[in-house]
Amino acid sequence: MNGTVYKSTGSWYTVKAEDGAFYECRIKGKFRTQGIKSTNPVAVGDHVVFELETLGDETVGVISEIGERKNYIIRKSVKLSKQTHIIASNLDQVFLLITLNNPMTFTSFIDRFLVTAEAYDIPVVLLFNKMDTYSEEETGEVAFLMDLYSKIGYTCLHIEAKSGKNVDKVKEMMLGKTSMFAGHSGVGKSTLVNALEPGLHLRTAEISEQHLQGQHTTTFAEMYDLSFDARIIDTPGIKGFGIVDMEKEEIGDYFPEFFELKEHCKFNNCLHLDEPKCAVKEALENDEVAWSRYRSYVQMLTGEEDNPYRER
């Protein structure tokens, strides 16, 4: 039987078969030894082949094959630094929720996320949430960030998940697609999903005063079919985002504005650091490239971001 993985709890997977029925499945042991360094050989969004078997009164599925992935979002595993964790696969787009406080989303986190999505060719929409809670200064900062990322080519939208402002615009972008919602804990992912589909009743959490970090309400990624011809994958709050398996020479190519300038650099293997006649450095000096983006790039290049929990 063929199906799509809708939920993963580490050892069991909920799979939706082509006939629309859901089955609890496990995997054949051999997947763990097929050179996949990931902590989870099967990810939400994967297309799989499985067989049914009866255990006592129960019918369970055994996954025997994973289809080729169109793309996936991957990050460093927090506990096992040598390993990676595939958050979700076969995505049409990702919505990255961003808040300026409660919790604060730093540009370095946004940039690392965007670089990973660029590497796997996944479109990202930046959603600036909780607009109703910001001071005049903070609202100005959001306008600055939206302008910065829009100029690079990213779609940006400000929303208020709680009041429902601009939620209809998010809905429009989701039609007919599989979308993933990502961001730190507490940025309002579950609140937004509940605003899009009130019947789902996803658990939301108050921000912890002590840490000003959201409580983790989603433990595992899970996909939901929505009533308006869309699927969403809700993910656990991501505290940090370490980039995975990238050569130094290719990181700059995943910054679209650097990639565009690259052909004007004197050296075709320019790393945009200390090389003479570097078009990216010249654009930086002329304020044509954002310093925050360049700083993120240097952090990734020098390995300063090797700790996925590093924020600034």
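**Figure 1. Exposed surface and overall make-up of the predicted model.** The protein exposes about 15500 Å², of which carbon and sulfur atoms supply 47%. All values in these legends are computed from a predicted model. The protein contains eight helices and 15 strands, and buried residues make up 50% of its 312 residues. When contacts between residues at least 6 apart in sequence are considered, 63% of them join residues at least 24 apart.

**Figure 2. Packing of helix α1 on helix α8.** Two packed helices are described by the angle between their axes and the distance between the axes. Here, helix α1 (residues 107-119) and helix α8 (residues 291-302) pack at an angle of about 65°, and their axes are 9 Å apart, which means that α1 is roughly perpendicular to α8. The crossing of α1 and α8 is right-handed. On the α1 side the contact is made by T107, S108, D111, R112, L114 and V115, while α8 contributes S292, R293, S296, Q299 and M300. By class, the contact of α1 with α8 comprises three nonpolar, five polar and three charged residues.

**Figure 3. Surroundings of T107 in helix α1.** T107 has a relative accessible area of 19%, and because the cut-off for a buried residue is under 20%, T107 counts as buried. Apart from neighbours within four places in sequence, T107 is in contact with L145, Y149, S292 and S296. Of these partners, S292 and S296 are also among the α8 residues that make the contact with α1.

**Figure 4. Surroundings of L114 in helix α1.** L114 is a buried residue, with a relative accessibility of 1%. When its neighbours within four places in sequence are left aside, L114 is in contact with V124, L126, Y149, Y154 and R293; R293 is one of the α8 residues in the contact with α1. The C-alpha atoms of L114 and Y254 are separated by 8.0 Å, although these two residues are 140 residues apart along the chain.

**Figure 5. Crossing of helix α3 and helix α4.** The axes of helix α3 (residues 167-174) and helix α4 (residues 189-196) come within 10 Å and cross at roughly 80°, and α3 is therefore roughly perpendicular to α4. In this contact V167, V170, K171 and M174 of α3 meet L192, A195 and L196 of α4. Divided by class, the residues of the contact of α3 with α4 are six nonpolar, no polar and one charged.

**Figure 6. Buried residues of helix α4 and the elements that they pack against.** Helix α4 is mostly covered, with six of its eight residues buried, namely K189, S190, L192, V193, N194 and L196. Two of these buried residues, L192 and L196, also belong to the contact with α3. The buried residues of α4 pack against helix α3 and against the strands β8 (93-98), β9 (124-128), β11 (178-182) and β15 (230-234).

**Figure 7. Surroundings of S8 in strand β1.** S8 is found in strand β1, which spans residues 2-8, and S8 is buried, with a relative accessible area of 10%. Not counting residues up to four places away in sequence, S8 touches Y13, V42, V44, F220 and A221.

Technical notes: Residues are numbered from 1 along each chain as its sequence is written. This is a predicted model: local features need pLDDT of at least 70, side-chain atom pairs count only at pLDDT 80 or more; totals for chains, interfaces and linings use all residues. Side-chain values use heavy atoms; hydrogens and water are left out. Helices (H or I, at least four residues) and strands (E, at least two) are DSSP runs, numbered from the N terminus. Buried means under 20% relative accessible area, exposed over 50%, partly exposed in between (1.4 Å probe, protein chains only). Contact means heavy atoms within 4.5 Å. Accessible areas come from the Shrake-Rupley method with a 1.4 Å probe; for residues, only the protein chains shown count as cover. Axes are lines fitted to C-alpha atoms, for helices over the stretch in contact, and angles run from 0 to 180 degrees between N-to-C directions. Angles under 35 degrees count as roughly parallel, over 145 as roughly antiparallel, 65 to 115 as roughly perpendicular and the rest as oblique. A crossing is left-handed if the near helix is turned anticlockwise from the far one by less than a right angle, and right-handed if clockwise. Ala, Val, Leu, Ile, Met, Phe, Trp, Tyr, Cys and Pro count as nonpolar, Asp, Glu, Lys and Arg as charged, and the others, Gly among them, as polar.
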